[in-house]
Amino acid sequence: MKDIHNFCAGPSLLPQTVYEQAAHAILNFENTGMSILSISHRSKEFVAVLEEARQLSLALLGLDQKGYVALFLQGGASMEFLRVPYNLMQQKAAYVNTGTWSSKAIEQAQLLGEVQVVASSEDRNFSYIPKNIRVEEAVDYVHFTSNNTIYGTQFYDIPQTKAPLVCDMSSDIYSREFAYDQLDLIYAGAQKNIGSAGVSLIIVKEEILGKTKRVIPQLLDYQEHIAKDSLYHTANVFAVYTCLLNLRWLKQQGGVAAIEQVNNKKAALLYQVIDELDFVSGTAAKEDRSKMNVAFRFKEEQMNRLFDQLCVENQIVNIKGHRSVGGYRASLYNAVSLESVEALTTVLHQMKTLV
Ligand SMILES: *Cc1c(COP(=O)(O)O)cnc(C)c1O
């Protein structure tokens, strides 16, 4: 497994130690003699896992003791596209449209109220981030997507507003320092920087809830999940456990600030080579480039085949662009090593001598 350079956009690479500990827990979970797959989600062992994961998920973002609650729920980030308006929409919400995932969030919110798209980068195929976003009008909340996994763009400034600020951070949470405490609701599918697929993390400031008069189905109601300590129904026990293992790993690395240094190095190296070589180009506007998902394409179609072949030879996998964009995409999530990025830049340099 070690020699493969896996740039998967999600489910993403996780640290080797996380795989090893998770594998061990399937056979014998913390010396209980039982598999983690076969213990009750209400057992004291699992409740301890869940509570540590909820606590650590907040602490790593500096959000403990600040009125936030963390939930690990099923349904993926896509479920939150719906759950957010159910809980927060009274009449009107503002959305920033920066790509496929934002567009999907907008569609779901429109089922429950009026959506005002206050900024969009659709005019240039979502290749940039709209700047100086300010929402002064009275809206129930403002929603944006901090990192656009498919188009490879990332917010470096947050929208300014007095309304509750909601952010889909599926692909860059825990990858960098950010104005986390200015966000009122953060959600993320776990399968990019948190853990394995099948669970999502929702971090919400409790004071923004309970304002809509809508009848909220229980499974969609954040307050219901909070009241039940994130155990309204059977939790995704194994996925929550991998999240905990990965969050512990992140803490051991020195936390978000420390991993950000590594992530900056990886992204800088790859973008530098992309900028340097004239037969390849990045697809996102330079100032908005994502440090998690690097989207690029070759200027000539026939180079794709050469690149694909070199990737096979060098065990570089899962690097195709999203089917809606084409080209290539290297996802540089927390567990992707600098060595893997170097393997990729070596291939790109090699192509220079072959064309
Ligand atoms: C992957 C992704 C999603 C979708 O997540 P699911 O868990 O598959 O629903 C939503 N938003 C962003 C930003 C993503 O990267």
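Ile319 touches Phe7, Phe296, Phe307, Cys311, Tyr328, Arg329, Ala330 and Leu344, leaving out residues up to four places away in sequence. This residue belongs to the loop between β15 (316–317) and β16 (328–331), and with a relative accessible area of 7% it is buried. Keep in mind that this is a predicted model. Below are a few more spots to look at, from another loop residue to the nonpolar cores and a pair of packed helices.

**Two loop residues**
- Ile319 also has a partner from far along the chain: its C-alpha atom is 7.8 Å from that of Asn6, although the two positions lie 313 residues apart in sequence terms.
- Arg289 sits in the loop between β13 (280–282) and β14 (293–298).
- Is Arg289 buried or exposed? Its relative accessibility is 10%, and buried means under 20%, so Arg289 counts as buried.
- Once neighbours within four places in sequence are set aside, the contacts of Arg289 are Gly152, Gln154, Tyr156, Tyr271, Asp275, Gly282 and Ala284.

**Nonpolar cores**
- The largest nonpolar core contains 61 residues.
- Phe46, Phe72, Phe144, Ile173, Tyr174 and Ile203 are the ones with the most contacts inside that core.
- Helix α6 supplies the largest share of this core, with 10 residues.
- There is also a second, separate core, made of 27 residues, with Val294, Met303, Ala330 and Leu348 among them.
- Ala330 from this second core is one of the residues that Ile319 touches.
- Back in the largest core, take Ile173: not counting neighbours within four places in sequence, Ile173 is in contact with Leu61, Tyr180, Ile186, Ala188, Asn193, Ile194 and Leu201.

**Helix α2 against helix α6**
- How do α2 (residues 44–59) and α6 (residues 237–252) pack? Their axes are 9 Å apart and meet at an angle of about 45 degrees, so the two helices are oblique to each other.
- The crossing of α2 past α6 is left-handed.
- On the α2 side, the contact is made by Phe46, Val49, Leu50, Glu52, Ala53, Leu56 and Ser57.
- On the α6 side, Val237, Val240, Tyr241, Leu244, Leu247, Arg248 and Lys251 take part.
- By type, the residues of this contact split into 10 nonpolar, one polar and three charged.
- Phe46 turns up twice here: it is part of the α2 contact with α6, and it is listed with the residues that have the most contacts inside the largest core.

Definitions and conventions: Residues are numbered from 1 along each chain as its sequence is written. This is a predicted model: local features need pLDDT of at least 70, side-chain atom pairs count only at pLDDT 80 or more; totals for chains, interfaces and linings use all residues. Side-chain values use heavy atoms; hydrogens and water are left out. Axes are lines fitted to C-alpha atoms, for helices over the stretch in contact, and angles run from 0 to 180 degrees between N-to-C directions. Helices (H or I, at least four residues) and strands (E, at least two) are DSSP runs, numbered from the N terminus. Angles under 35 degrees count as roughly parallel, over 145 as roughly antiparallel, 65 to 115 as roughly perpendicular and the rest as oblique. A crossing is left-handed if the near helix is turned anticlockwise from the far one by less than a right angle, and right-handed if clockwise. Contact means heavy atoms within 4.5 Å. Ala, Val, Leu, Ile, Met, Phe, Trp, Tyr, Cys and Pro count as nonpolar, Asp, Glu, Lys and Arg as charged, and the others, Gly among them, as polar. Buried means under 20% relative accessible area, exposed over 50%, partly exposed in between (1.4 Å probe, protein chains only). A nonpolar core is a set of buried Ala, Val, Leu, Ile, Met, Phe, Trp, Tyr and Cys residues joined through side-chain atoms within 4.5 Å.
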